[in-house]
Amino acid sequence: MRHRKSTLGAALGLGLAFASLGSAPAMAAPQSAAPVETAKVSTFLSTTSYEKSKENAAANKAFFSAVMESVAEKRAANPGAQAVTVIYSAANAPTFRSQIARSTQIWNSSVANVKLQEGSNPDFTYREGNDSRGSYASTNGHGSGYIFLDYRQNQQYNSTRVTAHETGHVLGLPDHYSGPCSELMSGGGPGTSCQNPNPDSRERARVNQLWQNGLAQAS
């Protein structure tokens, strides 16, 4: 969520560091990027206790507010749009380009009221590197946001699932680690054997509802 006319930013870090998943990319370049968000949600591995915490609830609320702000700005700029287009950049995550493309395809075929598209002047970016917290979505509350993909976590879990899960946070979904493998936002809760990279019907409906309501509010 790069700082630009639309902001998908707000304090958070959903699906975060501990909440990632993934079977790994071949390269593991020794890059590192520490998040500077004002609020963050736990990682893929810290599961239920964090999920039910006040910190997680506050981060989810802040993130949702940021998403709705972005929707309002985009709607004002293009009031006749059938769906909101959210722009991302994968330039800083070359190792995961195929997973990002697949995640984009999954979400774009799953929901109708918001579309992801790679391009310039992005709303958010993908990054890669090493972080002991794992993969996460992060914003600083001022319109600058990104999804960080951790090398090791993506070697342990299905990498496309990790990417799609973190992207789910950009679209407004919170973590639900206690859910089954069929639920994308259950993250690492079901364990490393879970290979599902697709949101379930409830998650798809929720994203459509969030962005439809956002468009209505912006109107």
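This passage describes the overall fold of a predicted model, the packing of two of its helices, and its largest nonpolar core.

The protein chain contains 6 helices and 5 strands, and these elements follow one another along the sequence in the pattern α-α-β-α-β-β-β-β-α-α-α. Of the 219 residues in the protein chain, 57% are buried. When contacts between residues at least 6 apart in sequence are considered, 76% of them join residues that are at least 24 apart.

One helix pair was examined in detail, namely helix α3, which spans residues 97-110, and helix α5, which spans residues 159-170. The axes of these two helices come within 9 Å and cross at roughly 55 degrees, an angle that makes α3 oblique to α5. The crossing in which α3 passes α5 is right-handed. On the α3 side, the residues that take part in the contact are Q99, I100, R102, S103, I106 and W107, and on the α5 side they are met by S159, T160, T163, A164, T167 and G168. Sorted by class, the contact between α3 and α5 comprises 4 nonpolar, 7 polar and 1 charged residues.

Helix α3 also includes S98. With a relative accessible area of 53%, S98 lies above the 50% cut-off and is therefore exposed. In sequence, S98 is separated from S159 by 61 residues, whereas the distance between the two in space is 9.8 Å from C-alpha to C-alpha.

In soluble globular proteins, nonpolar side chains tend to be buried together. The largest nonpolar core of the model has 28 residues, and those that touch the most other members are I100, W107, F124, Y126, V207 and W211. At least two residues of this core are supplied by each of β1 (84-92), α3, β2 (114-118), β3 (124-129), β5 (145-150), α5 and α6 (201-218). The largest share, 4 residues, comes from β1. Two of the core residues named above, I100 and W107, also belong to the set of α3 residues that meet α5.

The surroundings of Y126, a member of this core, were then listed with residues up to four places away in sequence left out. On that basis, Y126 touches Y88, S89, A90, N92, A93, I100, I147, L149, T163 and T167. Among these neighbours, I100 is one of the α3 residues in the contact with α5, while T163 and T167 are among the α5 residues that meet α3.

How values were computed. Residues numbered from 1 in each chain as written. Predicted model: local features only at pLDDT ≥ 70, side-chain atom pairs only at ≥ 80, totals over all residues. Heavy atoms only, no water. Axes fitted to C-alpha atoms, helices over the stretch in contact; angles between N-to-C directions. Parallel < 35°, antiparallel > 145°, perpendicular 65-115°, else oblique. Left-handed = near helix turned anticlockwise from the far one by under 90°. Contact = heavy atoms within 4.5 Å. Nonpolar A, V, L, I, M, F, W, Y, C, P; charged D, E, K, R; others polar. Core = buried A, V, L, I, M, F, W, Y, C linked by side-chain atoms within 4.5 Å. Buried < 20%, exposed > 50% of the residue type's maximum accessible area, 1.4 Å probe, protein only.
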